[in-house]
Every structure is written in structure tokens, then in C-alpha cells.
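Please open the model in your viewer and keep the selection tool at hand for the stops that follow.

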Amino acid sequence: MKTIIEPFRIKSVEPIRMTTREEREACIKEAHYNLFTLRSDDVLIDLLTDSGTSSMSARQWSALMQGDESYAGSPSFYRFKKAVDNLMPFKYLIPTHQGRAAESILFTVVSNDSHSIPNNTHFDTTRANVEAQGARAVDLVIAEGRDPELDHPFKGNMDIAALQKFIEDTGTDKIPLCMLTVTNNSGGGQPVSMENIRQTSEVCKQHGIPLFIDACRFAENAWFIKQREAGYAEVGIEDIVREMFSYADGCTMSAKKDGLANIGGWLAMNNEDWAVDCRNRLILTEGFSTYGGLTGRDLDAIAIGLEEVVQEDYLHYRIASTQYVARHIAEAGVPIMQPAGGHAVYIDARRFLPHISPLEYPGQSLSVELYKHGGIRGCEIGTAMFGLQPDGQEKPAQMDLVRLAIPRRMYTQSQMDYVIEVVLEVFENRDQLRGMKFVRQPRALRHFTGRFDYID
Ligand SMILES: Cc1ncc(COP(=O)(O)O)c(C=O)c1O
């Protein structure tokens, strides 16, 4: 059939509070034109993030009741471990409350200020945790991955020649590990091919450098491999996932993405010495090694989520719904990052609003208008987020994007049709949008709490 339906029925509903444009104009003004400052019940369709926003299944909700809250050795931990081991069988598994906690523990244990950590593209929390140790976070994604208009099936791939050169120039003693992020969130949710994972692993092995996968969207990546890479069309998703991780020595994970859970994460590895140190660090910062800052019921929800996220009906619908939004707005001329990523559609605000200069935050202006016009909350990823330099100067970010991140199993197709309609109406009236300025900004991470206004 042509129509790809949501492979679930809705059993429990959460009403959306309908608002008028006038009400939303008042809400966003009160929030100083910062989407992060809005109250979420003033939002109609919340596409701020796909992290921790998944709808849980009836099986997950019932698994919560099985949660065992024993401090040590809970059966919930063993159910969680069985589900993780089925897909990513590393020797040591360390649960954490979310992905950044896994990163913090890992980099505290393995890195210092003489080190450099390569990645296709570091996600912000990964970069921040590397830099918190005084180490250097280096991005080596292929050149195609940095061109928003170019179509390529695996724009998240590591540049293998650049990695080889980077290792030779830096020295293996200065690189405690190499990371590979699947899919590549900061590069537009673009996948990494199996061939590229294998080649990255080979280069790392030649130099004795462990490879860790940032696994947040491992199932979406596996789906792209099945669809786009020769030789995988007939291979089951679980087998693709197992092969992906067979090339790695460990992983970090946020279960708030492809764990289909609202909280959780883990760190896994084969190196025993590192695992011992990481567990000790975990006990100091997160909790005992069989719960790692989570409740037993969270571990049970993740265990079921991992079974559900690799189901092909789910992945087919999931990726189709992202591509559906991308296709419809692109066909009407809206400039977007091509091809659509797994979890989000990225609108190129700089090309959408060519009359607004990057230093007047076209992405922020567009995000505010999408909210005012249709109650949609997206996220500016551009000069408002990255433009402030450590010396206090402003410079345009590499791109000015608005990310519409799609929560898993949350919205229906008619809600996505509504999103498309809102984007297209704003596009028609784009000439009327105005640039913005900060009227108050903290020195760090200003996009979260800063205040904006329109330029007169
Ligand atoms: C690729 C990637 N790595 C790490 C993280 C951090 O995970 P968490 O938000 O659970 O700390 C995220 C979160 O968005 C991510 O997208």
C-alpha cells in the first residue's frame, strides 16, 4: 500500500490545549521570544527535541509495575542487561541516568588535557565532556556531510583518510579512543554506512585505538543501512545492529532516543580496567552499578523499548514520517537539509530568510514565527546557539537551521500535515519576518535562557 500507517492504536490520549494566534503572541512575548522559556502546555505540536519525548507502549507501561527497586542486584537490571546484550554484547555494562552521564564517566576515566578525541561529529554534550577534561574534540565527518544541499546516502560517514592522517599527525598515545556517532545528530541526523563503521574500526585497530559508538539512534541507523546499503536489504534489523557493534570496543547510549524511554542511558565496553574505574566513578556520581541513577522500573521500560525499537514496522513508519514532512515542504520550495535525517527535519533558515543577516538570527525569527503562526515549537541551531565566541565577539555560525525534531510514536499523520501547512504558510509570508537581537544573554549556552526582541 502507498499509505504507511502508524503501526499502533492509541489507547490513552493527552489533550492538546488549543490556542489562538493572539494567545500565542502573548505567550512568546512573555517568554522573551525564547522557545525554551515557553510552558509546554502553550505549545500545540512540540518538536523541540526527540529526546525523552517518546510515547511508551502498553507493554512498557505494564513493565513499570514489574520494576524491582532493590538497591543492588535487582531483576530489573538483569532484564535490562539481557535486552542490551542481545543487541550490543560488550563485556561490561554500566547503566546511567542519561547519555551525558555515560560520557562524563568515560572521559573522566580515559582522557586528560594532552588528549584528542576524533568523532564524525561530536554532539554538544560529548564535546563538552571531552573538553571538560581539557582534551580536544575533533570532527572528521566526510566533506559531503557538511554541505546541506548535497544528497548522499550516508552523510554521517567518517572521513577515513582524514582519520588516518589525524592519527599519524597526533600520535596514538594522545588518542585514548575514537568515537563514531550513529546517526550523526549534529550533522543533521545522517546515517553512517556499515562499510564506514568497518573501515573506521580497521583504522583504529591498526593503531591500537579503541572505537566507541555513540549509539543514541542505533536502530534508525540500522534502518538506513537496510534501505540504502548493498547487501543488507534481506538482513534483519537485529542482525544489522549486532554487526554494527561487532566492530566497536564499547558504546555510550542515551535511552531517551532509541531506547524508547523517557529517561536512561548506559556505557558499555570490553576493557576490564576501564570498566572497573568507570564503575567506581559511577558509584561516586550516579549510584550503584546495577541501577546507575535509574529506578528499577526505568530499566524495565528500556528493556522493552529495545525490543520494540528494532521492529521493522515501527522503523518503517518512523523514518517515513520524518521523510513525509521533509518531502512535502521541500517540494513547495522550502530549503531544507538534504536528505532528511532520521529523527528531524532541518529547515535552512538562512536560505528561507535571505533578507535577514546571520547576525540577526534568521533561525530564531523563523522559530518564533512557526510558534506564533501554528503553535509549533522547533529549535534554532545556528548563530543564536553558536555565534558567541569565547572572546565575546559574534560571528555567524556555519549554518542557520531550525530543527523540527519528531518525537517517537507521539504525533499522527494529520498532525504532521498540520506542521507542513504551517511551514508553507509561513514560507509564503516570509518577507514579513524581521531579524532579532539578544536583549539579555548569559555568557555560556545563551540560547537556553537568553532574552530576545525584534530589531526595530
Ligand atoms: C548523539 C547524541 N549523543 C549524546 C546525547 C546526550 O544524551 P542525553 O541527552 O541523554 O544526555 C544526545 C542527546 O541528544 C545525542 O543526540
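Select Cys 251 to begin, and opposite it you will find Ala 268 in β8. Widen the selection to strand β7 (residues 250-254) and strand β8 (residues 265-269), which run antiparallel and are joined by five bridges; strands (E, at least two residues) and helices (H or I, at least four) are DSSP runs, numbered from the N terminus, and two strands pair if DSSP finds at least two bridges between them. This is a predicted model, in which local features need pLDDT of at least 70 and side-chain atom pairs count only at pLDDT 80 or more, while totals for chains, interfaces and linings use all residues. Residues are numbered from 1 along each chain as its sequence is written, and side-chain values use heavy atoms, with hydrogens and water left out.

Next, show the open sheet of five strands, whose order is β2-β8-β7-β6-β5 with mixed pairing. At its edges stand β2 (92-96) and β5 (178-181), each with a single partner strand, so one side of each is left without a neighbour in the sheet.

Now add helix α10 (residues 272-285), which packs on the sheet and touches β2, β6 (211-214) and β8 (contact means heavy atoms within 4.5 Å).

Finally, select helix α7 (residues 194-206) and helix α9 (residues 237-246), whose axes come within 9 Å and cross at roughly 20°; axes are lines fitted to C-alpha atoms, for helices over the stretch in contact, and angles run from 0 to 180 degrees between N-to-C directions. That makes α7 roughly parallel to α9, a term for angles under 35 degrees. Show the side chains of Met 194, Ile 197 and Arg 198 in α7, which meet Ile 240, Glu 243 and Met 244 in α9.

How values were computed. Angles under 35 degrees count as roughly parallel, over 145 as roughly antiparallel, 65 to 115 as roughly perpendicular and the rest as oblique.
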